[in-house]
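Reader: Hi! Could you walk me through this one? I'd like to go through it bit by bit.
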Amino acid sequence: MEPLNTLKQRLNEVHNLKLSAAVLGWDQQVNMPPGGAIYRAAQLETLSRLSHELFTAEETGRLLETAETQSAELDYDSDDAALLRVVRHDYDLATRLPTPLVAELTRVTSLAYEAWATARANDDYAAFKPWLSQVLDLTLQVAEALGYQDRIYDALIDQFEPGMKTAVVARLFEELKAVQIPMIRAIASQRDRADGSVLRREYDLEKQKQFSRQVAEQIGYDFTRGRLDVSVHPFTTGFGTGDIRITTRYEANWLPSALFGTIHESGHAMYEQGSGPSIAGTILEGGTSLGIHESQSRLWENLVGRSRAFWQHYYPTLRALFPEALTDTDQDSFYRAINRVEPSLIRVEADEVTYNMHIIIRFEIENDLLEGRLSVDDAPDAWNAKYEQYLGITPPNNRLGILQDVHWSGGAIGYFPTYSLGNLMSVPFFNKAVEAHPDIPAEIARGEFGTLLGWLQENIYRHGRKYMPAELFERVTGEPISAQPYLAYLGQKYGELYDL
Ligand code: ZN
């Protein structure tokens, strides 16, 4: 298999260029002084151009084609067969977009970003509208270039969740709405059953750091192959299986930010630290899609970190660290506080019950705009009407409504659903682990996470990118992705919390 080996060498070079860019990106967000910005942008541009050129070169295509013709003998589950499948998907995506379209997208989105930032500050949707129109027009061109059979959005979502179809997402979202909207209404009438004010007291930053690090380490994030730093927006980034870093942010008067942010990012990082030895250092290491990635971060953040069992173990430690803030709060009240449901206008602050609604609203509006059912003129009213209908709240202005997020200005259309897909997949994964090891909940209550981590490692992490997301999900759970397990989980947990 000479062509395959030559292809692998080339791909490893592409991979190393991308990882080098990731190091610079991490440094930019964690360490770099402001004066470095323009130089860093140029450095990142050079590296990204080099890796793109090397990957999309005709020689890569020739090697890939030759290797594919010789691959019939490969076992489907072998690393080599998986490598060829993944490279074919990536290569087609990377080569279908014409260079002038990519350049135009880069030009328009950098201007659109400036326009959005000003429009948001001034609550001036009219100023952003022409830019949104241009971004949508270019997005339609991207979809046409990438190709799709059924819905325009299919081409867009495939970039982030390979193989996922818009019709499937739409059906799942209808099932979520049918249960979650009435649940949100029912909880609104029981609002006083949880009080979140304890989380807004004064929490010493050094002690928060100590506790977050301790939790990350104990759930299994390997600090000999990782780091925890501070950044404005928390993220996980990796430079190969042996160096996967996370960041968080500490707020003195909002305990959940660092605490759950660190658990969430640890979930992403443990997934990437877990790539098997045979794929480490190759393009198969890491996570297979944004949705599967989010299923791992959410599993640790919500199913573990916001469970009663988890706080049975950790609450005494937390209370000992913050005796003043938590003096009048028992474990049950704390559990209720961290699981309090409150419809809000901002997605990043949303709880487990309302979170998906923010995603669904964006998904529906994006599809209506792309498929011509909604004009950019009417988009703010449509946005506000959906917030009223799904969450029972109306944005008082466009700054807190349709202008709240940066994504559209950057042309990032098609990946929001991966957040909800991650929520949906987290529950069947967790259920499957507990089915295999019924002691897991009792172990969590003792602060032991090794069995759960080992199961995730064996069934999900070690495969890296070898399987497409839906394929991996079905291999592990034996079923296609559905909304029911997540809805059952919400119904049980919040039914008890809010006496529904
Ligand atoms: Zn995440």
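Author: Happy to. This is a predicted model, so let's begin with the metal site. The zinc ion is coordinated by His264 (NE2), His268 (NE2) and Glu294 (OE), at 2.1 to 2.3 Å.

Reader: Nice. What spacing do the donors of the zinc ion follow along the chain?
Author: They follow H-x3-H-x25-E. His264 sits in helix α10 (residues 255-273) and Glu294 in helix α11 (residues 290-304), so this pair, 30 residues apart, links distant parts of the chain.

Reader: And is His264 buried or exposed? Same question for Glu294, buried or exposed?
Author: His264 has a relative accessible area of 10%, so it is buried. Glu294 is at 7% relative accessibility and counts as buried too.

Reader: Switching topic: in what order do the strands of the sheet run?
Author: The order is β1-β3-β2, in an open sheet of three strands with mixed pairing. β1 (228-230) and β2 (236-238) are the edge strands, each pairing on one side only. From one strand to the next, the twist averages 30°.

Reader: How many bridges join β2 and β3?
Author: Three bridges, in the antiparallel sense, with β3 covering residues 244-248. As an example, Thr237 has Arg245 in β3 as its bridge partner.

Reader: Does anything else involve Arg245, and what does its charged end sit over?
Author: The charged end of Arg245 sits over the ring of Trp26, 4.4 Å from its centre. Arg362 lies over the face of Phe416, at 4.8 Å from the ring centre.

Reader: Which strands does α10 lie across?
Author: α10 lies across β1, β2 and β3, and runs at about 165° to β3. His264, one of the zinc donors, is in that helix.

Reader: Okay, aromatics. How many pairs does the structure hold?
Author: There are 25 aromatic pairs. In one of them, Tyr355 and Tyr419, the ring centres are 6.3 Å apart and the planes meet at 75°, so the pair is edge-to-face. Tyr355 lies in helix α14 (residues 355-370) and Tyr419 in helix α16 (residues 417-436), so the pair ties together parts 64 residues apart in sequence. Tyr355 is buried at 5% relative accessible area, and Tyr419 is buried at 17%.

Reader: What about Tyr486 and Tyr489, how are those rings arranged?
Author: That pair is tilted, with 6.0 Å centre to centre and 40° between the planes. Both lie in helix α20 (residues 484-498), three residues apart, so about one helical turn separates them.

Reader: Last one: which residues form the aromatic cluster?
Author: Phe211, Trp300, Phe310, Trp311, Tyr314, Tyr315, Phe334 and Phe449 make up one cluster.

Notes: Residues are numbered from 1 along each chain as its sequence is written. This is a predicted model: local features need pLDDT of at least 70, side-chain atom pairs count only at pLDDT 80 or more; totals for chains, interfaces and linings use all residues. Side-chain values use heavy atoms; hydrogens and water are left out. Donors are N, O and S atoms within 2.8 Å of the metal (3.2 Å for Na, K and Ca); water is not among the atoms, so sites may look incomplete. Helices (H or I, at least four residues) and strands (E, at least two) are DSSP runs, numbered from the N terminus. Buried means under 20% relative accessible area, exposed over 50%, partly exposed in between (1.4 Å probe, protein chains only). Two strands pair if DSSP finds at least two bridges between them. Axes are lines fitted to C-alpha atoms, for helices over the stretch in contact, and angles run from 0 to 180 degrees between N-to-C directions. Contact means heavy atoms within 4.5 Å. Rings of Phe, Tyr and Trp (its six-membered ring) pair if their centres lie within 6.5 Å; planes under 30 degrees apart count as stacked, over 60 as edge-to-face and the rest as tilted. A charge sits over a ring if NZ of Lys or CZ of Arg is within 6 Å of the ring centre and within 35 degrees of the ring normal.
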